[in-house]
Amino acid sequence: MRRSQGSQPSGAGAADREAGNLPLELNAFVGRTAELTQLSAALDAARLVTVTGPGGVGKSRLAARAAAQARPRDGVWRVEPAAVRDAELVEHAVIEALGLTDHTSRSPRQVLLGHLAERQLLLVLDGFEHLVDACASLVGELLRRAPGLRVLAVGRRPLAVAGERLFPLAPLTEREAAELFADRAAGSVPGFALDDGNRAVVHELCRRLDGIPLAVELAAGRLRSLSPAQLLARIDDPFRLLTSGGRATSPGLRLPAGGGEPPSRHRTLRTTIGWSHELCTPEERLLWARLSVFAGQFDLEAVEYVCGGDGLHPHNILDVLGELLAQSVVTREETASGVRYRMLDTVRAYGAEWLAAAGDAERLRRRHRDWYLGLATMCELDWFSPRQGEVAARVERELPNLRCALEHCLTEPDGGHLGQFLAGTLWFYWVGCGRLSEGRHWLERSVRLDTEHERSRLKALWVLGYVAILQGDPVPALAALDECREQAERSGNPTALAYAEHRTGCLALVTDDMPRAETLLRSALDRYDEIGELNSNVLMGRVELAMALAFQGDLEGAVRLCEDVRRVCVDHGERWSLSYALYVLGYAAWTEGDLPRARRLLAECLDINDVFHDLLGTVLAVELLALVTAAEGDAAEAALLQGSASRMWPSVGLPLFGSAYYNAPHEQCEATARQRLGDEWYEECVRAGARLGRRAAVGRALERTGPRLLDALPPPRSVPTPLDVREPAASPTRKGGETAG
């Protein structure tokens, strides 16, 4: 579905975002001129370059600057495995970063290989050491099978993949470290600059900090309360901070003993972090430790709930967080949705050690889990509202933390039912936002667990069946739905029974069994009415019934159902189900010969699907718009749109689901275009359309912009008389229903 406010499309046209997804730099890049030149040269010479070095040495910043200077044809894409804690989700994280949507049952690796096969892009893999085996396996195969791919990896160790070129990164020179200190200090103390009065002290301070950028920035963040000379004096006795537990220790918290003598630069950074920790107030140290339970970005609302209480009043959290920001312990990131926060991995790991030493880690993980369970529940309810787009954007932003919550639920004793509940509650994201593969991963894991909470398991089962249907995998779909229905009948659960019957009706719809689909969908809708259920799923059930009716010739009944759905959607501000109602109404308008109305309805349908990044809805709308375009007399443009749809289908599944019903309009459009253009010119138009990315194809279909294909191709030898294509094909169509994907 969507990719959130200000973000770009997913699916077949993800590479349309040629600039990629590198974040903008928020402060000055200081020094590293020689290293930047050398790293750029290494990227030109090798397909895999790994920047290695201790934590805090500036690997990520240098890699980002070098990557920003690269100009691969299909962009630069940054992946952060650091926010992933399950090796099985590494490939999903890469898919997410690339903005891909895939509705098939292909493995995530197959999806990546298909996407990257003919592209030229740079993949920045930042922070892989905790999942080195999974990352090495993926990178190795991608490089072997995608000749246009280059990888810039960032970590504390090599990937150990054939052809890897290592780029060990040393700390800053004393002069560069002093420049960095001055730049960051000026942010804390306006007007600060190196001068004759402080230059020698700053240089000595940077030398004591071994020129490690993170250590220098942490020190500069203290200038609001200490002078450079005072900073230097406090750093003179570094080992006291690591071993004494004195002022650095909050009540009940002592720094865990290390597992041996670390390398000197690691020790220096650790000393500096410990020293910065010592200078924090007890509340600041407490918040630092508790923030370590978050993965990736987080917002203030989550911090107040998860970290508040037991020594840290929620009303004080904003002030305490502000102090950690001022000290560079936490970083602030401006996003399209507002201000969010993040901890560097090294700083987060230090906080996690303190949290564990305090014996409070499990309690905080439970609070983290509970917050994201609540968030998912609220988002499911809000999905049936005018806030659908915001909901989709929020879930995508919180995906790293939702993954952590799912993992916690599914691995902790007595937490399985919560994992089933959370995986099932996120159905709208798995289905509506094109995350079917990851959704299936969590759903299958959850239903394998035996729990005594039947309601959560039943929901996970019907959602699993729904996801499998959309992936074109009917056997496991039917197995999950049958199990759900049988258990629901035994336990007398009318809600689960209605959903199981509904999704079984969808399965009949997508396998061309229209009479059975109609029977099951009518029964499910009656059950929904009996229990008072009304949401996006129920509306989709009505649309799917309308499709079954339309494909059986009852166009009037189909239109009546979809007009009713349209009214309900308008009343509730619902857009996702509305798009599919518009699709059916557009089909009806075409069959009635009202081409302007058909185009308006399908354009609105396509626009909604594009906003939600619903690839299935997008490609269906483009297919039908091609037929409308042919009926309007522009056979070349119709063929081009068919070509653009052909590029999208591999990410959806079998083209037009292998359905006689859905394929009928496609065949009629092709026959019309071929007769007008001739085979040779038709095929050329289709090939031109297949070169369009999704963004370009959608823009073309919506705006009909760009150079007309008739101007770009040689004219045909003859132009036959246009066919009348207003009448629908007589052959049946199948696979409608879970166009809800």
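**Figure 1. Helices α19 and α22 cross in a left-handed way.** Here α19 passes α22 with a left-handed crossing, meaning that the near helix is turned anticlockwise from the far one by less than a right angle (clockwise would make it right-handed). Helix α19 covers residues 416-425 and helix α22 covers residues 454-470; the two pack at an angle of about 40°, with their axes 8 Å apart. That angle makes α19 oblique to α22. For the labels, angles under 35 degrees count as roughly parallel, over 145 as roughly antiparallel, 65 to 115 as roughly perpendicular, and the rest as oblique. The axes themselves are lines fitted to C-alpha atoms, for helices over the stretch in contact, and the angles run from 0 to 180 degrees between N-to-C directions. Helices (H or I, at least four residues) and strands (E, at least two) are DSSP runs, numbered from the N terminus.

This is a predicted model, where local features need pLDDT of at least 70 and side-chain atom pairs count only at pLDDT 80 or more, while totals for chains, interfaces and linings use all residues. Residues are numbered from 1 along each chain as its sequence is written, and side-chain values use heavy atoms, with hydrogens and water left out.

**Figure 2. A look at the residues where α19 meets α22.** On the α19 side you'll find H417, Q420, F421, G424 and T425, and they meet S456, R457, K459, A460 and V463 in α22. Contact here means heavy atoms within 4.5 Å. Sorted by class, this contact has 3 nonpolar, 5 polar and 2 charged residues. The classes work like this: Ala, Val, Leu, Ile, Met, Phe, Trp, Tyr, Cys and Pro count as nonpolar, Asp, Glu, Lys and Arg as charged, and the others, Gly among them, as polar.

**Figure 3. Helix α6 packs with α8.** Helix α6 spans residues 174-188, and its axis runs 8 Å from that of α8, at an angle of about 35°. This crossing is right-handed. From α6, the residues A177, L180, F181, R184, A185 and S188 meet P213, V216, E217, A219 and A220 in α8. The class count for this contact is 8 nonpolar, 1 polar and 2 charged residues.

**Figure 4. Helices α13 and α16 meet at an oblique angle.** The axes of α13 (residues 300-307) and α16 (residues 361-382) come within 9 Å and cross at roughly 135°. The crossing is right-handed. In α13, E301, A302, Y305, V306 and C307 do the touching, and their partners in α16 are L364, R367, H368, D370, W371 and Y372. By class, that gives 7 nonpolar, 1 polar and 3 charged residues.

**Figure 5. Two loop residues, D210 and S328, have positive phi values.** Most residues other than glycine have a negative phi. D210 isn't a glycine, yet its phi is near 60°. Look for D210 in the loop between α7 (199-208) and α8 (213-220). S328 isn't a glycine either, and its phi is about 65°. This one sits in the loop between α14 (317-326) and β6 (331-335). D210 is partly exposed, with a relative accessible area of 29%, and S328 is partly exposed too, at 22%. The cut-offs are under 20% relative accessible area for buried, over 50% for exposed, and partly exposed in between (1.4 Å probe, protein chains only).

**Figure 6. H666 is buried in its surroundings, while R691 is exposed.** H666 lies in helix α32 (residues 660-677), and its relative accessible area is 18%. Leaving aside neighbours within four places in sequence, H666 is in contact with E623, Q642 and L656. R691 lies in the loop between α33 (679-690) and α34 (694-703), with a relative accessible area of 56%. Again leaving aside neighbours within four places, R691 is in contact with R647 and E684. The C-alpha atoms of R691 and S644 are separated by 7.1 Å, although these residues are 47 residues apart along the chain.

**Figure 7. Cysteines, and the whole protein.** A search of the whole structure finds 0 disulfides (pairs of cysteine sulfur atoms within 2.5 Å). C135 counts as buried at 1% relative accessibility, and C404 counts as buried at 11%. Zooming out, the protein has 35 helices and 7 strands, and buried residues make up 58% of its 741 residues.
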